[in-house]
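Q: Please take a close look at the nonpolar interior of this protein for me. I'd like to hear how it is put together, and then what sits around it.

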Amino acid sequence: MQTKQAIQDLTKDELANIIKPSFRAKQIYNWVYHKHVNSFSQMENLPKAMRNELDEKFTITPLEIVSKQESRDGSIKYLFRLPDGSTVESVLLLMREAQYHEDGTLKHHRRYTVCISSQVGCKVGCAFCLTAKGGFVRDLSAGEIVSQVLEIYKDNNIPSNHRVNLVYMGMGEPLDNLENVAKAVKIFSDMDGMSISPNRQTISTSGLSSKIEKLGKMDLGINLAISLHAVDDELREQLMPINKAYNIASIIEAVRNFPVNQRKKVLFEYLVIKDVNDGIDSAKKLVKLLNGLKAKVNLIYFNPYPGTDFKRPDDKDMRKFQEYLLNKGVLCTIRESKGLDISAACGQLREQKLGEEK
Ligand code: SAH
Ligand code: SF4
């Protein structure tokens, strides 16, 4: 079946080139990204013929919610179905500024972060990652990336002017789909659209050094996160086969050349796995490696799933690791296990659903 292109796939300029006169593009953006309509027929200030034409060419709802799981901390994990039947996950995370009523119920939660997918599956094949287990299916289009956030806004009645952060940390390797991801970054930041400025968007990569360099040259103004997870090449190759093509030194070099916003730092994610990379010797090497870089470290608890031999690290080892870094003057946070009770690590909801369908 031929599927229609998502309207969210188009930048405002692209839309203006095909819909004349060009001021219509701004109106359409307003309907899609501010008024959150679900059909072209609702775009009342457009001529009827134009609405019909749009309807013939495009879809406005390329994603369908298959299921959602809410965690105790209020985070919501979504499984979306794409027009070709593939599924991807996205997560709405409620960040720190949540305030509570006296009875403990949530009053309001100002800060949202949406974690989005960039591909169906992933080619990189990291040993600890559930997304990798299903192999690679395909890249997401820019519109499919943008729509994950749009559908989450709609489902939670998040007003279009709300401050939201985006992290490209769902399924897939964003730099393996650089063109569409870069386009999505631009569409997200359009002032007539969602106005999510690039400095509130973070691309997380397993370390495709040449693509990091390329992304840097694009000068989009986005933040960079590196999934490092190991401090020597031997271990990193075992955990992340991509390290054979792009070793640690090449990643550090690419980060050095990356244009980082004055007040920002590059985030190094370090997935801590019990008895694999949780020792102080690793912390020592990490400090050396990051020497001279504008970097901060985020320690992540490995989130176990059925069938994996890797284990969640002990809290005390996590804290020791963090203290070591802090004492050496390296900024280091421990990622709260947001949505752990809904198995929030990427790929897990999809896996569960596929299991049910089998
Ligand atoms: N492909 C990109 C972005 C998506 S993965 C990347 O690897 O950076 C987002 C993060 O989830 C990565 O840091 C990854 O290491 C982490 N992750 C994967 N499996 C996990 C698990 N089982 N528990 C905790 N984090 C996991
Ligand atoms: Fe791909 Fe990231 Fe998972 Fe590695 S951790 S397999 S790069 S999604």
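A: Here's the interior first, followed by the ligand shell and a few backbone spots. A word on ground rules: this is a predicted model, in which local features need pLDDT of at least 70 and side-chain atom pairs count only at pLDDT 80 or more, while totals for chains, interfaces and linings use all residues. Residues are numbered from 1 along each chain as its sequence is written, chains are lettered from A and ligands numbered from 1 in the order in which they are written, and side-chain values use heavy atoms, with hydrogens and water left out.

The protein chain has 358 residues, and 53% of them count as buried. Buried means under 20% relative accessible area, exposed means over 50%, and partly exposed is in between (1.4 Å probe, protein chains only). Its secondary structure comes to twelve helices and 16 strands, taken as DSSP runs numbered from the N terminus (helices: H or I, at least four residues; strands: E, at least two). Among contacts (heavy atoms within 4.5 Å) between residues at least 6 apart in sequence, 65% join residues at least 24 apart.

Now the core itself. A nonpolar core here is a set of buried Ala, Val, Leu, Ile, Met, Phe, Trp, Tyr and Cys residues joined through side-chain atoms within 4.5 Å. The largest one has 88 residues, and F188, F268 and V297 touch the most other members. At least three of its residues come from each of domain 1 (5–59) and domain 2 (64–357), with bounds from an automatic or database domain assignment. Zoom in on F188: leaving out residues up to four places away in sequence, F188 touches I116, I145, V146, V149, L166, Y168, M194, S195, I196 and Q201. Another core, of 18 residues, lies apart from the largest one, and its members include A132, L235, F302 and Y305. In soluble globular proteins, nonpolar side chains tend to be buried together.

A132 also turns up around ligand 2, along with C122, V124, G125, C126, F128, C129, G172, E173 and S206. A residue makes that list if one of its heavy atoms lies within 4 Å of the ligand. Sorted by class, the shell holds six nonpolar, three polar and one charged residues. For this count, nonpolar takes in Ala, Val, Leu, Ile, Met, Phe, Trp, Tyr, Cys and Pro, charged is Asp, Glu, Lys and Arg, and the others, Gly among them, are polar.

Next, strand 3 (residues 64–70), home to S67. S67 is buried, because its relative accessible area is 15%, and its C-alpha lies 9.4 Å from that of R81, 14 residues away in sequence. Q69 is in strand 3 too, but counts as partly exposed at 22%. From Q69 to L79, ten residues apart in sequence, the C-alpha distance is 8.8 Å.

Finally, some loops. P21 sits between helix 1 (12–18) and helix 2 (23–34), and the K20 to P21 peptide bond is cis, with omega near -5 degrees. D219, between helix 7 (209–218) and strand 13 (223–227), isn't a glycine but has a positive phi of about 50 degrees; D219 is exposed at 55% relative accessibility. D275, in the loop between strand 14 (266–272) and helix 10 (280–290), has a positive phi of about 60 degrees although it is not a glycine, and D275 is exposed at 65%.
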